[in-house]
Amino acid sequence: MKPINVTSNEDYLIVQWDEKNTDEILLTSVRWNCPCAYCSEARKDAETEHFTVFHKEELTVDEIIPVGNYAIKIRWGDGHDMGIYTFELLKKLAKEG
Ligand SMILES: [Zn+2]
């Protein structure tokens with residue numbers, strides 16, 4: 001399972017799996033689920049609803065960087081780029097959407 005294209009707009013990460021299947025995942029959800037160690041820790045401590053805790057630049061996608069054959073990295077507007085989003089994770093987020 002590997003998308004043929006991953007792009008973003010102002011609100012969504014758009015994952016095109018093939019000609020027929022496209023998932024749109026809210027950027028708030030993508031950022032909230034950042035799999036890096038730092039964000040995983042922060043998530044554990046967070047008690048507030050995640051939609052309220054992000055600044056605009058933290059939800060802006062500067063760059064989408066392919067990682068091997070299995071994942072992408074997202075460089076966010078605040079410079080954070082530690083999270084490696086496997087395609088499996090993207091699929092899961094899309095389902096939770
Ligand atoms: Zn992170």
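Which residue in strand 3 is the bridge partner of Val-15? I looked this up in a predicted model and found Asp-23 as the partner of Val-15.

**Strands 2 and 3**

I then took the pairing as a whole. Strand 2 covers residues 12-16 and strand 3 covers residues 22-26; the two run antiparallel and are joined by five bridges. I traced the connection between strand 2 and strand 3 and recorded a hairpin of five residues.

**Strands 1 and 2**

I turned next to the other pairing of strand 2. Strand 1, residues 5-8, runs antiparallel to strand 2, with four bridges between them. Within this pairing I noted that Ser-8 stands opposite Leu-13 of strand 2. The link between strand 1 and strand 2 is again a hairpin, here with three residues between the strands.

**Val-61**

I located Val-61 in strand 4, which spans residues 61-67. Is Val-61 buried or exposed? I counted 19 other C-beta atoms within 10 Å of Val-61. Val-61 is therefore classed as partly exposed, because a buried residue needs 20 or more.

I also listed the contacts of Val-61, leaving aside neighbours within four places in sequence: Ser-8, Leu-27, Ile-74 and Trp-76. Ser-8 is thus recorded twice in these entries, as a contact of Val-61 and as the residue opposite Leu-13.

Finally, I checked Val-61 against Thr-7. Their C-alpha atoms are 9.2 Å apart in space, and the two residues are 54 residues apart in sequence.

Methods:
Residues are numbered from 1 along each chain as its sequence is written. This is a predicted model: local features need pLDDT of at least 70, side-chain atom pairs count only at pLDDT 80 or more; totals for chains, interfaces and linings use all residues. Two strands pair if DSSP finds at least two bridges between them. A residue is buried if 20 or more other C-beta atoms lie within 10 Å of its own, exposed if 12 or fewer, and partly exposed in between; C-beta atoms are placed from the backbone. Two residues are in contact if their C-beta atoms, placed from the backbone, lie within 7 Å.
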